[in-house]
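Here is a short note to read beside the structure. Keep the view open and check each point as you go.

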Amino acid sequence: MTAQQLTIELARSDDAYQFALLSRELVEQGLGWSWTAPRILRQIQSPDALVAAARVDAALVGFAVMYFAAEHGHLNLLAVQLQSQRRGVGRTLIRWLEESAVKAGIFDIYLEVRAQNMAARHFYRALGYVEFEEIRGYYNRSETAIRMVHDLRVNSAVRVLPFRQIIG
Ligand SMILES: CC(C)(COP(=O)(O)OP(=O)(O)OC[C@H]1O[C@@H](n2cnc3c(N)ncnc32)[C@H](O)[C@@H]1OP(=O)(O)O)[C@@H](O)C(=O)NCCC(=O)NCCS
């Protein structure tokens with residue numbers, strides 16, 4: 001997939017249902033369905049969240065949801081359609097959200113991932129995220145989560161401009 005074909009843009013309200021289906025199939029399998037369309041729609045409409053859609057032509061290939069608190073971001077959801085995985089879509093989505101975070105003055109991004117989801121753990125590590133906590137029973141009181149953080153000030157592909165350059 002070339003960079004020209006892939007577009008990352010803010011999600012629209014009518015994306016919510018497709019995102020919810022992707023979450024159920026690829027992220028929440030075996031856990032029930034907590035990221036339903038109304039919940040995702042609330043994120044799309046929230047001033048405290050960014051929801052990014054990845055498309056090739058008009059077709060949806062992936063999406064990500066990041067929530068912004070005062071001093072950190074939290075990646076709530078990320079999924080790439082099976083047939084589009086390992087083609088740089090996930091990386092491009094995360095970098096797009098991280099660049100938005102940096103522009104907003106937020107440099108720490110947190111997330112939780114299912115401990116058994118080794119593909120995602122490898123993916124996040126490849127992008128600079130560090131595992132720092134294991135939380136037993138985090139999912140449905142039965143499944144372990146790994147909490148990860150990415151400090152965007154260090155070892156990052158995201159350009160953090162020196163303060164002088166930002167103001168001057
Ligand atoms: C995890 C996920 C989002 C990665 O998206 P992707 O578009 O396939 O990832 P990319 O192509 O951008 O991969 C970037 C790098 O991450 C690493 N990576 C990605 N998938 C990997 C895998 N299955 N195994 C090992 N490393 C992997 C690689 O280093 C890769 O670079 P490379 O392909 O040049 O070797 C995708 O596999 C997915 O949607 N999985 C199902 C849902 C999920 O687990 N979501 C995350 C938890 S909320």
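1. Start with a term. Two strands pair if DSSP finds at least two bridges between them. Keep in mind that this is a predicted model. Strand 3 and strand 4 are joined by 7 bridges and run antiparallel. They form a hairpin, with 4 residues between them. Within this pair, alanine 64 stands opposite leucine 78 in strand 4.

2. Now step back to the sheet. It is open, and 7 strands form it in the order 1-2-3-4-5-7-6. The pairing is mixed. Which strands stand at the edges? They are strand 1 (6-10) and strand 6 (130-139). Each has a single partner strand, so one side of each is left without a neighbour in the sheet. On average, neighbouring strands are turned by 25° against each other, direction ignored.

3. Look at strand 2 and strand 3. They pair in the antiparallel sense over 8 bridges. Valine 51 stands opposite valine 65 in strand 3. Their hairpin has 2 residues between the strands, and aspartate 57 takes a positive phi near 55° there. Is strand 3 largely enclosed or left open by the rest of the structure? It is largely enclosed, because 8 of its 10 residues are buried.

4. Strand 4 and strand 5 give the parallel case. Strand 4 covers residues 73-80, strand 5 covers residues 108-114, and 3 bridges join them. Glycine 73 stands opposite isoleucine 109 in strand 5.

5. Helices pack on this sheet. Helix 3 (residues 89-103) touches several strands, including strand 1, strand 2 and strand 7. The direction of helix 3 makes about 145° with that of strand 2. Helix 4 (residues 118-126) touches strand 4, strand 5, strand 6 and strand 7. The direction of helix 4 makes about 165° with that of strand 5.

6. Check one loop residue. Aspartate 15 lies between strand 1 and helix 1 (16-27). Aspartate 15 is buried, with a relative accessible area of 2%. Leaving aside neighbours within four places in sequence, aspartate 15 is in contact with Ala53 and Arg55.

7. Finish at the ligand. How many residues surround the ligand? There are 19, and the closest are Leu78, Val80, Arg86, Gly90 and Asn117. A polar backbone atom of arginine 86 is 2.8 Å from an oxygen atom of the ligand. A backbone N or O atom of glycine 88 also lies 2.8 Å from a ligand oxygen atom. For asparagine 117, an N or O atom in the side chain is 2.7 Å from an oxygen atom of the ligand. The ligand has 900 Å² of accessible area on its own, and the protein covers 77% of that.

Methods
Residues numbered from 1 in each chain as written. Predicted model: local features only at pLDDT ≥ 70, side-chain atom pairs only at ≥ 80, totals over all residues. Heavy atoms only, no water. Axes fitted to C-alpha atoms, helices over the stretch in contact; angles between N-to-C directions. Contact = heavy atoms within 4.5 Å. Buried < 20%, exposed > 50% of the residue type's maximum accessible area, 1.4 Å probe, protein only. Near = heavy atom within 4 Å. Polar contact = N/O pair within 3.5 Å; in protein donor to acceptor, adjacent residues only side chain to side chain. Areas by Shrake-Rupley, 256 points an atom, 1.4 Å probe, with all protein chains shown as cover.
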